[in-house]
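Here are my notes on the model you passed along. I went from the overall fold down to the charged side chains, so have the viewer open as you read.

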Amino acid sequence: MRREVHSKELRNAVDERLQLRGVTLQDIAWIVREMQAPFQPGLSMEDCLEAVQAVMQKRELQHAILVGIELDMLAEKGLLSEPLQTLIASDESLFGCDETLAMGAVYGYGSIAITTFGHLDKQKIGMIRQLDTKTGKGVHTFLDDLVAAVAASASGRLAHHFRDRKESGK
């Protein structure tokens with residue numbers, strides 16, 4: 001019999017994996033604030049954290065995080081077959097599957113999220129820089145891009161909500 005994974009179980013697994021890898025939602029909210037503060041005067045960390053929590057409810061993003069972290073962890077243990085092991089463990093610059101997985105999760109939040117993801121992928125702001133395989137400990141080939149995807153998605157969500165509030169006069 002096929003078992004369905006309840007959304008609460010999925011969310012708990014994502015939270016556990018992120019915590020295990022040293023990533024907090026506050027770390028991601030900080031990146032969101034850095035990206036959106038120039039466009040939204042008075043933007044609070046609470047607003048940013050709320051946006052991160054909201055996008056973290058999306059199954060597509062949860063699935064991407066679980067797959068990416070699992071591949072990073074398997075690469076750390078040397079459990080992938082070659083040449084995949086070397087490609088992921090070394091964060092090979094032409095590999096691209098890490099960005100592709102992360103980008104798939106970003107598309108639901110529009111062009112702001114997509115361009116923000118590209119910026120974060122190149123600039124490695126905040127926690128993303130710490131996770132970058134080439135500068136830190138462990139393998140985070142997928143996780144740095146997934147953190148960027150969450151931050152970019154939350155940035156897109158905030159930008160759209162800001163515009164909605166502005167247009168409604170609130």
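The numbered points below begin with the whole chain and then turn to its charged residues.

1. First, a reminder that this is a predicted model. On secondary structure there isn't much to argue about: the chain has nine helices and zero strands. Read from the N terminus, the order is simply α-α-α-α-α-α-α-α-α.

2. On overall dimensions, the C-alpha trace spans about 55 × 45 × 25 Å along its principal axes. The radius of gyration is 16 Å, which agrees with the value near 15 Å that a compact globule of 170 residues would have.

3. How much of the chain is buried? Of the 170 residues, 44% count as buried. The chain exposes about 9400 Å², and carbon and sulfur atoms supply 54% of that area. As for contacts with a separation of 6 or more, 72% of them are between residues 24 or more positions apart.

4. Now the charges. The chain carries 20 positive and 24 negative charges, and the mean positions of the two sets are 5 Å apart. Side chains of opposite charge can pair when their charged atoms come close. Here the count comes to five salt bridges, and I'll go through some of them.

5. One of them joins Asp15 and Arg11, with an N to O distance of 2.9 Å. Both sit in helix H1 (residues 7-20), and because they are four residues apart there, about one helical turn separates them. The partners differ in cover: Asp15 is partly exposed at 30% relative accessible area, while Arg11 counts as buried at 12%.

6. The spot I'd zoom in on is Lys124. Its side chain meets that of Asp121 in a salt bridge (3.5 Å, N to O), and Lys124 also forms a salt bridge with Asp144, where the closest N and O atoms are 3.4 Å apart. Lys124 lies in the loop between helix H7 (110-123) and helix H8 (127-131) and Asp144 in helix H9 (residues 143-168), so this second pair ties together parts that are 20 residues apart in sequence. Taken together, Asp121, Lys124 and Asp144 are linked in a network of salt bridges.

7. Are the members of that network buried or exposed? Asp121 is buried, with a relative accessible area of 14%. Lys124 counts as buried too, at 15%. Asp144 is buried as well, with a relative accessible area of 1%.

8. Last, have a look at Asp98, which is placed in helix H6 (residues 97-106). Which side chain of opposite charge is nearest to Asp98, and how far away is it? The answer is Lys124, at 6.9 Å. A salt bridge needs the nitrogen within 4 Å of a carboxyl oxygen, and Asp98 has no salt bridge although it is buried. Leaving aside neighbours within four places in sequence, Asp98 is in contact with Asp91, Thr141, Phe142 and Asp145. So there are two acids, Asp91 and Asp145, in that contact list. If you only check one side chain by eye, I'd pick Asp98, buried and without a salt bridge.

Note on methods:
Residues are numbered from 1 along each chain as its sequence is written. This is a predicted model: local features need pLDDT of at least 70, side-chain atom pairs count only at pLDDT 80 or more; totals for chains, interfaces and linings use all residues. Side-chain values use heavy atoms; hydrogens and water are left out. Helices (H or I, at least four residues) and strands (E, at least two) are DSSP runs, numbered from the N terminus. Buried means under 20% relative accessible area, exposed over 50%, partly exposed in between (1.4 Å probe, protein chains only). Contact means heavy atoms within 4.5 Å. The radius of gyration is taken over C-alpha atoms; the globule rule is 2.2 Å times the number of residues to the power 0.38. Accessible areas come from the Shrake-Rupley method with a 1.4 Å probe; for residues, only the protein chains shown count as cover. The place of a charge is taken as NZ of Lys, CZ of Arg, CG of Asp or CD of Glu.
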